[in-house]
Amino acid sequence: MTGQALRKPGDRAPVEDNAAIRINVGGFKKRLHTDTLSRFPETRLARLLQCRSKESILELCDDYDDAEKEFYFDRNPALFPYVLNFYNTGRLHVMAELCIFSFSQEIEYWGINEFFLDSCCSGAYHCRKMDQDREEWEDKSDEGSTTSSFDELLEFYNDATKFDKQPLGSTRRRVWLMLDNPGYSVASRVISVFSILVVLGSIATMCMNSMSEFSLLDAQGQPTEDPRFEIVEHLGIAWFTLELVARFAAAPDVVHFFELPLNLIDLVSILPFYLTLVINLVVESSPALANLGRVAQVLRLMRIFRILKLARHSTGLRSLGATLRNSYKEVGLLLLYLAVGVSFFSVMAYTVENEDSEDLSTIPACWWWATVSMTTVGYGDVVPLSIAGKLTASACILAGILVVVLPITLIFNKFSLFYKRQKQLEIAMRSCDFDEGIKEVPSVNLRNYYAHKVKSLMASLSNMSRSSPSEHSLNESIH
């Protein structure tokens, strides 16, 4: 130590000026000169030279031997030669067989910054560190996917056990599995395919009914529906109603039935039809309420929501819904980027085009142009005319590509995670057998998860035979 304060009379300083200190790192002993350590005052060993009491010493090391004047550190002795090489050469080197995570933690403990990495090792170090961060993110995603799938599978079995204490439990459970789990059995597949055909037929008739080739007029010359389309519509409503009633009757928990999004979609798909019937009856009985007919026309357009019924039969649509529900931050970030870009480029376009183009004569008019350009839609209804305006449009389009791509990548990663989880859950549900009742809770196969862990470990050990040119300098530091 360089100071003499806080020592009892007759005690010697732990380290004399211009002397050497004794270091013991997990059994690896070495003498280091204070001049060598002082070259890097921000490191842990150099800070030991500024300590003036044993208490301050123990804040930096794990133990201190007064008799031997030795500082002990409970660290990995295999990594300390890299620290010694740094003090001797002023540069850090990394062997190919090292674990980057352990090495990064070690140099952080000794107070050595990554900026001291030599050029021969810096590129490989940062690449390996980025690869490890990506693997850790994938591991967390896989672990989260496995955990979420396991929780959903337990919830599925919990719902199935509720039938054991209910009237006609076994029959209702078979109906519930057949209606709510497409692909569970041959009957469930047939019902799923038929339901998809009915949904598509209902949407097709709604579209064809809007075409002039299929429009009919009544005696008063007012447009009316084709009777053939009405038959298809009524058959579709009958099937959707029967399907919803059957699901409601066979549900394990009737109270919370409509809390599920798919069941709520089933209700919304048939509700406009029945509301339209009620409104038509009211209008016929009370001519003064003829304006309610417009409400009925709006309700008829709500039939398009039936297309959402396909989500019950499509893993991709359910995964998309889960992704949007859990990606509100990324979606908000995307909207924020677009809002900033639209505001900036609309002002730029107004500045350079307000005298040359009537379509871009106001900033609100430029908002539409900037939105269409940044999203790379490009309707072509509003275009800049001057050279400066075209250059601004080019910058707006390029910025729009970057703005849209960045958050979309995050959303796509989440979609892949939810899609993988949903497929695992469907496979687990299809393998369930309730013919003899439920005897035990199923187990989830974690083979893929642990295989990924072992693969990461083997990849780390596969580089043990490799070496780098910095080995010679490390060996010189050890000896």
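Me: Which glutamate meets the side chain of arginine 247 in a salt bridge?
Reply: A salt bridge here is a side-chain nitrogen of Lys or Arg within 4 Å of a carboxyl oxygen of Asp or Glu. Both partners lie in helix 9 (residues 227-250), four residues apart, about one turn of the helix. Helices (H or I, at least four residues) and strands (E, at least two) are DSSP runs, numbered from the N terminus. At 3.2 Å, N to O, the partner of arginine 247 is glutamate 243.

Me: What pLDDT do local features need in this model?
Reply: Residues are numbered from 1 along each chain as its sequence is written, and side-chain values use heavy atoms, with hydrogens and water left out. The model is predicted: side-chain atom pairs count only at pLDDT 80 or more, totals for chains, interfaces and linings use all residues, and local features need a pLDDT of at least 70.

Me: Is arginine 247 buried or exposed?
Reply: Buried means under 20% relative accessible area, exposed over 50%, partly exposed in between (1.4 Å probe, protein chains only). Arginine 247 has a relative accessible area of 3%, so it counts as buried.

Me: Which aspartate also meets arginine 247 in a salt bridge?
Reply: The closest N to O distance of this pair is 3.7 Å. It links distant parts of the chain, helix 10 (residues 261-285) and helix 9, with the two residues 19 apart. The partner has 3% relative accessibility, so it counts as buried. It is aspartate 266.

Me: Which residues are linked in a network of salt bridges?
Reply: Lysine 309 forms a salt bridge with aspartate 266, with the closest N and O atoms 2.8 Å apart. Lysine 309 sits in the loop between helix 11 (292-301) and helix 12 (315-325), 43 residues from aspartate 266 in helix 10. Lysine 309 is buried too, at 6%. The network consists of Glu243, Arg247, Asp266 and Lys309.

Me: In what order do the four strands stand in the open sheet?
Reply: Two strands pair if DSSP finds at least two bridges between them. The pairing is mixed. Strands 2 (28-33) and 3 (63-65) each have a single partner strand, so they stand at the edges. The order is 2-1-4-3.

Me: Which residue in strand 4 stands opposite tyrosine 64?
Reply: Strand 3 and strand 4 (residues 70-73) pair in the antiparallel sense over three bridges. Opposite tyrosine 64 stands phenylalanine 71.

Me: At what angle does helix 4 run to strand 2?
Reply: Axes are lines fitted to C-alpha atoms, for helices over the stretch in contact (heavy atoms within 4.5 Å), and angles run from 0 to 180 degrees between N-to-C directions. Helix 4 (residues 80-89) lies across strand 1 (20-25) and strand 2. Its angle to strand 2 is about 10°.

Me: How many aromatic pairs does a search of the whole structure find?
Reply: Rings of Phe, Tyr and Trp (its six-membered ring) pair if their centres lie within 6.5 Å; planes under 30 degrees apart count as stacked, over 60 as edge-to-face and the rest as tilted. The search total is 19.

Me: What kind of aromatic pair do phenylalanine 40 and phenylalanine 86 form?
Reply: Phenylalanine 40 is in the loop between helix 1 (34-38) and helix 2 (44-48), and phenylalanine 86 is in helix 4. Both are buried. The centres are 4.5 Å apart, with 40° between the planes, and the pair is tilted.
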